[in-house]
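The exercises below are meant for someone meeting this structure for the first time. Please look through the sequence and the model, and try each task before reading its solution.

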Amino acid sequence: AIEHLPDMYRVGGNNYSLSDILSQLLVAEDEAELRTVKKSLETLLRRDACGALAGLFFQLNENEACREKALLFLSTDIVRLSSKLFKGREEVERYTLDEIKTALPSVSSDEFPHF
């Protein structure tokens, strides 16, 4: 069911809310479920990068487990997808930088290398 969530929000959906929910599921311990969650987030990122990023960055202010997993996703998977997400999309680059600047004051020394 998780893999079909992005399709439900395809037209006029609230990608921020969906990304927020999927970000919370990044704490899943089952590898198959985690792959499905990441694939769904990647679909949302390609469809509405700013909306999906908003949900991910929101998790940086939530509980520690969600924060850690969202930060890991942002620092690994977003970097891997960056050429597709940012190329020719200045608004997405600007939005991402603004969110990073907002998150930096709460970053610990252990988390800093991810930024």
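**Starting with Glu99**

Glu99 is partly exposed, with a relative accessible area of 22%, where partly exposed lies between buried (under 20% relative accessible area) and exposed (over 50%), computed with a 1.4 Å probe and protein chains only. The model is a predicted one, in which local features need pLDDT of at least 70 and side-chain atom pairs count only at pLDDT 80 or more, while totals for chains, interfaces and linings use all residues. Residues are numbered from 1 along each chain as its sequence is written, and side-chain values use heavy atoms, with hydrogens and water left out.

**Exercise 1. State how many helices and strands the protein has, and what share of its residues is buried.**

Solution. Begin with the secondary structure, where helices (H or I, at least four residues) and strands (E, at least two) are DSSP runs numbered from the N terminus. On this basis the protein has 6 helices and 0 strands, and its pattern along the sequence reads α-α-α-α-α-α. Next, turn to burial: of the 115 residues in the protein, 39% are buried. Finally, consider contacts, meaning heavy atoms within 4.5 Å: among the contacts with a separation of 6 or more, 63% join residues 24 or more positions apart.

**Exercise 2. Find which residues of H4 are buried, and which helices help to cover them.**

Solution. First locate helix H4, which spans residues 49-58. Of the 10 residues in H4, 8 are buried, so that the helix is mostly covered. The buried residues are Ala49, Gly51, Ala52, Leu53, Ala54, Gly55, Leu56 and Phe57. Then look at the surroundings: the cover over these buried residues of H4 includes H2, H3, helix H5 (64-86) and H6.

**Exercise 3. Describe how H4 packs against H6, and name the residues that make the contact.**

Solution. Two packed helices are described by the angle between their axes and the distance between the axes. The axes are lines fitted to C-alpha atoms, for helices over the stretch in contact, and angles run from 0 to 180 degrees between N-to-C directions. For H4 and helix H6 (residues 90-103), the angle is about 10° and the axes are 10 Å apart. That makes H4 roughly parallel to H6, since angles under 35 degrees count as roughly parallel, over 145 as roughly antiparallel, 65 to 115 as roughly perpendicular and the rest as oblique. In the contact, H4 contributes Ala49, Cys50, Leu53, Ala54 and Phe57, while H6 contributes Glu91, Val92, Tyr95, Thr96, Glu99 and Ile100. By class, the residues of this contact of H4 with H6 are 8 nonpolar, 1 polar and 2 charged, where Ala, Val, Leu, Ile, Met, Phe, Trp, Tyr, Cys and Pro count as nonpolar, Asp, Glu, Lys and Arg as charged, and the others, Gly among them, as polar. As a last step, return to Glu99, which lies in H6: Glu99 and Phe57 are 42 residues apart in sequence, and their C-alpha atoms are 6.9 Å apart in space.

**Exercise 4. Work out what orientation H3 has towards H2 and towards H4.**

Solution. Take H2 (residues 15-24) and helix H3 (residues 31-47) first: their axes come within 10 Å and cross at roughly 160°. That makes H2 roughly antiparallel to H3. Here Asn15, Leu18, Ser19, Leu22 and Ser23 in H2 meet Val37, Ser40, Leu41 and Leu44 in H3, and the contact divides into 5 nonpolar, 4 polar and no charged residues. For H3 and H4, the angle is about 135° and the axes are 5 Å apart. H3 and H4 are therefore oblique to each other. Their contact brings Leu41, Leu44, Leu45 and Arg47 of H3 to Ala49, Ala52, Leu53 and Leu56 of H4, with 7 nonpolar, no polar and 1 charged residues.

**Exercise 5. Decide whether Ser23 and Gly55 are buried or exposed, and list what each touches.**

Solution. Ser23, in helix H2, is buried, with a relative accessible area of 0%. Leaving out residues up to four places away in sequence, Ser23 touches Leu41, Gly55, Leu56 and Gln59. Gly55, in helix H4, also counts as buried, at 0% relative accessibility. With the same residues left out, Gly55 touches Tyr16, Ser19, Asp20 and Ser23. To finish, compare chain and space: Gly55 and Ser19 are 36 residues apart along the chain, with their C-alpha atoms separated by 4.7 Å.
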